[in-house]
Amino acid sequence: MDTSSLEATLHAAGFPVDLLTDEQRLVLGELTPEELTLLLDVKSRLDAVGPEVQAHGEIAGGALF
């Protein structure tokens with residue numbers, strides 16, 4: 001996958017691509033298709049529970065449990 005397609009895919013998934021350093025872009029550019037799929041899956045699952053985690057942070061003052 002070329003860099004622009006990769007960055008477009010990551011941006012569409014909610015990654016702050018424009019805030020990445022050159023080094024971070026290099027690492028992401030070296031991902032295999034399988035690694036990219038896994039990264040996107042993990043991000044999706046984290047986003048799915050994001051509101052629950054955020055609510056705990058606001059209610060419990062950022063306590064982790």
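In this predicted model, G14 comes out as partly exposed, at 48% relative accessibility. That puts G14 just short of the exposed class, because exposed starts over 50%. G14 sits in the loop between α1 (3-12) and α2 (22-29). Despite being 33 residues apart in sequence, G14 and D47 have their C-alpha atoms 9.2 Å apart in space. G14 is also touched by K43, whose contacts beyond four places in sequence are A13, G14 and F15.

K43 itself belongs to helix α3, so the contacts with A13, G14 and F15 tie that helix to a stretch that includes the α1-α2 loop, where G14 lies. For a lysine, the accessibility figure is worth a look: K43 is buried, with a relative accessible area of 18%. The cut-off for buried is under 20%, so K43 at 18% falls on the buried side of it. The side chain of K43 is paired up as well, making a polar contact with the side chain of D47 at 2.7 Å. That pairing also counts as a salt bridge, with the N to O distance given as 2.7 Å. K43 and D47 are four residues apart in helix α3, so about one helical turn separates them. The partner, D47, is partly exposed, with a relative accessible area of 41%, whereas K43 is buried.

Searching the whole structure turns up three salt bridges. One of them, between E7 and R25, has its closest N and O atoms 2.7 Å apart. This pair links distant parts of the chain, with E7 in helix α1, R25 in helix α2 and their positions 18 residues apart. Both ends of the bridge fall in the middle class of accessibility: E7 is partly exposed at 22%, and R25 is partly exposed at 25%. V17 touches both of these residues, since its contacts outside the four-place window are E7, L10, H11 and R25.

R45 and D41 form another salt bridge, in which the closest N and O atoms are 2.8 Å apart. Here both residues lie in helix α3, four residues apart, or about one turn of the helix. D41 is partly exposed, with a relative accessible area of 34%. The spacing along the helix matches the story for K43 and D47, which are likewise four residues apart in α3.

Zooming out, the protein chain has three helices and zero strands, and the order from the N terminus is simply α-α-α. Helix α3 covers residues 33-59. Of the 65 residues in the chain, 12% count as buried. The exposed surface comes to about 5,100 Å², and carbon and sulfur atoms supply 62% of that area.

What buried nonpolar material there is can be traced through the largest nonpolar core, six residues made up of L6, L10, F15, V17, L28 and L36. V17 and L10 are both in this core, and V17 is in contact with L10. L39, a residue of helix α3, touches several members of the core. Leaving out neighbours within four places in sequence, L39 is in contact with L10, F15, L28 and L31, and among these L10, F15 and L28 are core residues. L39 is itself partly exposed, at 27% relative accessible area. A core residue has to be buried, which means under 20%, so L39 at 27% does not qualify. L39 and L28 are 11 residues apart in sequence, and their C-alpha atoms are 10.0 Å apart.

Some of the nonpolar side chains in the model are out on the surface. L38, V42 and L46 form a nonpolar patch there, with about 280 Å² of accessible area together. L46, in helix α3, counts as exposed because its relative accessible area is 56% and the threshold is over 50%. Helix α3 thus holds residues with contrasting accessibility: K43 is buried, L39 is partly exposed and L46 is exposed.

How values were computed. Residues are numbered from 1 along each chain as its sequence is written. This is a predicted model: local features need pLDDT of at least 70, side-chain atom pairs count only at pLDDT 80 or more; totals for chains, interfaces and linings use all residues. Side-chain values use heavy atoms; hydrogens and water are left out. A nonpolar core is a set of buried Ala, Val, Leu, Ile, Met, Phe, Trp, Tyr and Cys residues joined through side-chain atoms within 4.5 Å. Buried means under 20% relative accessible area, exposed over 50%, partly exposed in between (1.4 Å probe, protein chains only). Contact means heavy atoms within 4.5 Å. Helices (H or I, at least four residues) and strands (E, at least two) are DSSP runs, numbered from the N terminus. Accessible areas come from the Shrake-Rupley method with a 1.4 Å probe; for residues, only the protein chains shown count as cover. Patches are made of residues with over 30% relative accessible area and no salt bridge: like charges are joined within 9 Å, nonpolar side chains (Val, Leu, Ile, Met, Phe, Trp, Tyr) within 5 Å. A salt bridge is a side-chain nitrogen of Lys or Arg within 4 Å of a carboxyl oxygen of Asp or Glu. A polar contact is a pair of N or O atoms within 3.5 Å; within protein, one must be able to donate a hydrogen and the other to accept it, and residues adjacent in sequence count only if both atoms are side-chain atoms.
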